[in-house]
Amino acid sequence: MLVGFSVAISLGQNDTEPIVLEGKCLVVCDANPSADGALTSSFGISVRAGGAKVAFSALRGTNHEPSDLSNKSLTIYFDQVLVNIGNHFDLQASVFQAPRRGIYSFSFHVVKVYNRQTIQVNLMHNEFPVISAFAGDQDVTREAASNSVLLHLERDDKLYLKLERGNLMGGWRYSTFSGFLVFPL
C-alpha cells in the first residue's frame, strides 16, 4: 500500500511542482545545491523552508514629489507596502536588500501627472544604474516610465529607484516598485 502511494505521488509530479512533506518543500537538484539555508543530502535533495520566499511590492500613496527626503538623495520614496514576503524591502528607505545570492526579477512603473518636463528614472544596484526609463512627451498630461529586468544579485546587494532627471509631480497610487526572488544560486 505504501508503494502504491509513493508511485501515485511520483506520477502526479512534474519537473516544476515541488513535493510537499510535513510543511517542507523537497527539491531535486541537477547540480550541487548552493548554501542558501537549505539542508542538503549527498543525493542532491534539498529541503528548503518557507523562509526562502522573497517578494515585495510598494506603491506611492502621496501625490507630490520632490519631498524633503528626495531633494537630498533623489531616491523615489514609496509609502505603502502591498506585499513584503521575507521583509527585505525597507519602506522608510525605499530600498530592497537581497537576503541571498540568486536571480531576481524587478519592475517599476512611475507616472508623472501634469508635468511638462522629461523625467528619467534609474533602477540603482549598489549605487550604480542598471536600467532606466523616461517619460518626456510635452503634449500629454499623464505619462508613465516603466521597465523590468532580471538580475544576478549577491547577498546584501541593495536596489532602489532614483529620479535622475526632472520632478515627479503626481503619481498617486499609479507608481509602483516590485521584485521577487526567481531562484537562489
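**Aromatic pairs, nonpolar core and surface patch**

At a relative accessibility of 4%, F89 counts as buried in this predicted model. The ring of F89 is stacked on that of F56, with 4.8 Å from centre to centre and 5° between the planes. F56 is likewise buried, its relative accessible area being 3%. The two residues belong to distant parts of the chain: F56 is in strand β5, F89 is in strand β7 (residues 89-90), and 33 residues separate them.

A further aromatic pair is formed by F78 and F177. Their ring centres are 6.0 Å apart and their planes stand at 35°, so the pair is classed as tilted. This pair also links distant parts of the chain, as F78 lies in the loop between α2 (68-73) and β6 (80-85), whereas F177 is in strand β14, 99 residues apart. Both residues are buried: F78 has a relative accessibility of 3%, and F177 has a relative accessible area of 0%. In total, the structure holds 10 aromatic pairs. The four residues described above are joined with F96, Y104 and F106 in one aromatic cluster.

F177 also takes part in the largest nonpolar core, which has 28 residues. The residues with the most contacts inside this core are F96, F106, F108, L123, L161 and F177. Two or more residues are contributed by each of the strands β5 (55-59), β9 (102-113), β10 (119-125), β11 (128-135), β12, β13 (158-165) and β14. In soluble globular proteins, nonpolar side chains tend to be buried together.

The surroundings of L161 illustrate the contacts of one core residue. When neighbours within four places in sequence are left aside, L161 is in contact with L74, T75, I76, F78, F108, V110, V121, N122, L123 and F177. Its partners therefore include both members of the tilted pair, F78 and F177.

Nonpolar residues are also found on the surface. L150, F180, V182, F183 and L185 form a nonpolar patch there, and together they have about 430 Å² of accessible area. Strand β14 (residues 176-184) gives the most to this patch, with three residues. The same strand is among the elements that give two or more residues to the core. L150, another member of the patch, is found in strand β12 (residues 142-153). With a relative accessible area of 56%, L150 is exposed, whereas F177 of strand β14 is buried at 0%.

Notes. Residues numbered from 1 in each chain as written. Predicted model: local features only at pLDDT ≥ 70, side-chain atom pairs only at ≥ 80, totals over all residues. Heavy atoms only, no water. Patch = residues over 30% accessible without salt bridge, like charges linked within 9 Å, V, L, I, M, F, W, Y side chains within 5 Å. Areas by Shrake-Rupley, 256 points an atom, 1.4 Å probe, with all protein chains shown as cover. Salt bridge = Lys/Arg side-chain N within 4 Å of Asp/Glu carboxyl O. Helix = DSSP H or I, 4+ residues; strand = E, 2+ residues; numbered from the N terminus. Buried < 20%, exposed > 50% of the residue type's maximum accessible area, 1.4 Å probe, protein only. Core = buried A, V, L, I, M, F, W, Y, C linked by side-chain atoms within 4.5 Å. Contact = heavy atoms within 4.5 Å. Phe/Tyr/Trp six-rings, centres within 6.5 Å; stacked < 30°, edge-to-face > 60°.
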